[in-house]
Structures are given as structure tokens and as C-alpha cells.
Amino acid sequence: MKNIMNVALGIVTSIGGFLDVGAIATAALAGAAFGLQMLWVLALGTLCVIFLTEMAGRLACVSHHSLVDAVRERCGFRYFSFLLIGEVIVDMLVLAAELGGVAVALHLVTGIDYRWFVPIVAFVLWLLIWLGTFSMVQNGTSLLGLITLAFVLGMWWMGPPWHEAMKGLIPSAPSHDAARYWFTAVGIIGALFEPFMLNFYASGAIEEKWSLKDIPMNRVTAVVGMSFGATIAISIVILSAMTLGPKGIQIDSYEQAAMMMLQPFGAWGVPLFAAGLGTACFGASLQVALNLSYLFAQGFGWNWSENLKPHEDARFALVYTLAIPLGAVLVIVLGDPLQITTFSMALNALLAPVIVFPLLILMNDRHYVREYRNHVVGNVLVSAIVVIAFIIAAVAIPLEVLGG
Amino acid sequence: MVVGCSPSPEKAAQEAKQAAGSWGATLSAAAEHWGGNEISSSYFQSVLTQARTSLTKEAKSARKSGGEIAAAPVDAVASHIDVIADAARRGDRVAAIQAAHAAAMAVPAEKTAPVARPE
């Protein structure tokens, strides 16, 4: 019974990590602009993230190292510094996007300018991390994140066109607007394997003292949990494709995205969209803020644990105490949370090789994972997807930014 | 570099038309839902504010790259926003829907093929 509860909790936990502002925004954008044509990107990205999450968890179970800790040890401080700079830039943008997502959710139900909510959300976030333990932070917000099941219910109510959805799982070239198609594809993949999630997952495994006996649970969590998150993202693509695209509504703002819920839920549509967006983003912002602390603390060998009191790991607490207000300032200064989201998700795809390839090296190193090394399928599949996503990102980002 | 890579006048005109059509369709759908009491007045106001902000930005960018011709569709849709906002302030749902439909008809949106429901 305890094992079943552990697995269930792991699955619920993974929803928070998988579904965030990036997954919601990119799925909605893809559905409205390209119908069901981009489902294959979501399926491929999910497959890749299942492999990566399982690897990060297995590394923690066997070696009792978090990902960053092991990368610094295996690849040296110089490589770690490069990773640190890249991840801090991307994580700060993602944190800004997540804080913006919560603020926009509150704006959608109150009508008050989202910028007024940003400092309040940032303060609540900081307070929760300051006072909470890892389990409380993780499980509390993830359980709230179950509200995102409303997207699945909405899709179900609309009567999903399964035959067309199956056709969407076959890779296809864009029928129009190729630059936007590939930029959206990169955004979807970037939203799925956000580098912060891998280190957060491995750090969480160490916080919860996972060991060799937890390897099967780690596998179940990675497969079922990430597939569950993918189901919600796929539901958003289908809902958006059925309700917005045929009306000619493209998504330039969250106000437009929220309209996908009006047909299935009527007057409850906007509040449900806001609740789903807000809780998913709040859960993810907790993870990004904590990951920034993990990143510095593990890299520089400081005390770290969300289960310690702030005075016991003061530098760990200092990092999120500085990062959260800085993220809040970024949302207010940069404006347009949807644009911050799409851009930061594409940057995730650019950063992915910097963290994924060291992970692959570690997962094939007997010194770290003993006999629990990777199979060739995992190595090849993950490498191929990450390289392809990187190349597309390297081409699509300049085209989107400079070409308007 | 940015200037050198800015979109051609044709592309700017096409993007402006796309954005105008999308916002016209959004206004029309939002007004209908507001008329049917499915969305709150504050949310409807948010849609109007966002439409105004996005279209202003779009018109500026279109004008810069493609001149007045490129910006014309955006201006055509934007010109209806004040009428819709006035109707919303008065609580006149019929007038708001009519004005929003006019905005949608000013620049027809590029729609994706309808996704069929199973029989």
C-alpha cells in the first residue's frame, strides 16, 4: 500500500514539473495555428523527457549525486561555470515567465492589471519556500495542480477527433508559415525538457533519500507521470485546434488562450483556465526558484536542503531570496508574459545539449551508475532529439527574432 | 543588423493582415460570449484592452516595414474597438456584438480547417 502511495505521489509530483506556463502556452499556440499537425512534436518530446527524467532519477538513486553535483565533479569546474551561466540566464527568464503566468491568471479572473499581482505572487512564493519543507512545497502545489485535469475534461466534452489526432502523430512538414511552425516546434520541445526540471528532479530524489530500491518507482514515475502530463498538453492542443483555429483566432495573449475553455465549460471556462494556468505556474515557479538555489549550492559545495531551516543553509536561502524578486522585476520590465514564455522555451532547447550530454556521459560511467548504465536505445534517441532540437532552435530563433 | 533583417513589405503586410483578422475574430467571439453571459464584464474589458494594445503595436510595426498599405487592415479592425468599448460601458450587449461582428468582417480571419468531431 505504501508503495502504491509512493508511486501515486510521484505521479502527482511529476505533473507539477511537466505542466507549466511553457507547456500550456506552446500547446495552445500550436493548436490554434496548426490544428493537430504538431502533435508529433509533443509525442517525440514526451518520449525524450521520459528517458531524461528516468536517467536523472536513476543517477540520484545509484550515485546519490544530483545532476549538477555530478557534472561538476565529472566535467570540472570550468564546464560547470559555463553551465551555470547558461542555466541562470534561462532559469531567470523561465522564473519570470512562471511568475507572469500566475499574475496573468489572477488578472483573468479579476480584470486588474497583472503587474499589480507580480510582487504579491513573488512574496507568497518566497514565504512558502522560506517556511516550507520539500514535501510540503512539492506535494501541496502538485495536488493543487490537478485542477489542470479540467483541460482533459474539456477535450472529452468536445468529442476529440481521434482519427485526425492519430494522423497528427505522424511527422509532417508545415502547410504554411514554416518559420513560425519550426519556432513553435522548438518551443514545445523546450517546454517539455526544461533543464531546470532534470536537476530539480534529481535533487528531489536526494532530498527524499531515494536509493537502489527506488529505481523501479523512479521508472514508473517517469513513464506514467510524464505521459500523464503529456495527456494534459495534448488535450490543450486538441481543445485549441477545435475551438480557436477554426474561428481564425491566433494566440497573441493569454486572454485569447482562455477562450478555448468557453465552448466546453461556458461561464466556468475562464475561471477554470485561470485556475489551471495559475496553479501549474505557481508549482513550476517554486521548482525553478529552488533549482537556482540547488544549482549554486551544489556547484559551490554549500549546505543545501529545502528541509533545513534557512539559518542552517543561509547561502542556499540567499539565492532564492535574490532570484525571486529579480524574476518579478524581469516580468514587469520586459512585459508581455506570453512573449517571455515563448522565447524562454525556445532558449531551453538551445541550452538542452549543455546539460543533456554530460548526463549521458554520467549515465554510461560505471563509476557513477555501476551496472545501472544506459541502454543504447536511450543514448541514441535522446542524443538525436536533442541535437535536432538544438539545430532547429539555432535556425528558428534568429529567424523569429530578427525576421519579425 | 535588425533593420537589415526586418521583414519585407509584403511579409509585413501579410503578418499585419493575419493579426488584424485574428483580433477581429477574437473580438467577435468575446462579444458573443459576453452577450450570452458566459464571460464577465471585466474579462471582456481585458480582451478589449489587450486587442487595443496588440493592434497598436502591430500597426506601428507594419507601418515601419510596409507603410500605410500594410497597416490599413490593422487600423480597420482597431477603429471598431472604441465603439465596442462604448457599448460595453453602457451595458448594451446587442450593440457590442454588432460592432464586434463589423470588426471581424473588416478583415476576414485566416481559419484553420475545422477539426471534425467523431460521428
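Q: Which residues of α5(A) meet which residues of α15(A)?
A: From α5(A), A:Tyr114, A:Arg115, A:Val118, A:Ala122, A:Leu125, A:Trp126, A:Ile129 and A:Trp130 meet A:Ala317, A:Tyr320, A:Thr321, A:Ile324, A:Ala328, A:Val331 and A:Ile332 of α15(A). Contact means heavy atoms within 4.5 Å. This is a predicted model, where local features need pLDDT of at least 70, side-chain atom pairs need 80 or more, and totals for chains, interfaces and linings use all residues. Residues are numbered from 1 along each chain as its sequence is written, chains are lettered from A and ligands numbered from 1 in written order, and side-chain values use heavy atoms, without hydrogens and water.

Q: How do the residues of this contact divide by class?
A: They comprise 13 nonpolar, one polar and one charged (Ala, Val, Leu, Ile, Met, Phe, Trp, Tyr, Cys and Pro are nonpolar; Asp, Glu, Lys and Arg charged; the others, Gly among them, polar).

Q: What makes α5(A) roughly antiparallel to α15(A)?
A: Helix α5 (residues 114-131) and helix α15 (residues 314-334) of chain A pack at about 170°, with axes 9 Å apart. Angles over 145 degrees count as roughly antiparallel, so α5(A) earns that description relative to α15(A).

Q: Why is the pair B:Lys57 and A:Asp336 called a salt bridge?
A: Their closest N and O atoms are 3.9 Å apart. The rule asks for a side-chain nitrogen of Lys or Arg within 4 Å of a carboxyl oxygen of Asp or Glu, so this pair qualifies. The count between chain A and chain B is one salt bridge.

Q: How many residues of each chain are in contact with the other?
A: There are 38 in chain A and 35 in chain B.

Methods. Axes fitted to C-alpha atoms, helices over the stretch in contact; angles between N-to-C directions. Helix = DSSP H or I, 4+ residues; strand = E, 2+ residues; numbered from the N terminus. Parallel < 35°, antiparallel > 145°, perpendicular 65-115°, else oblique.
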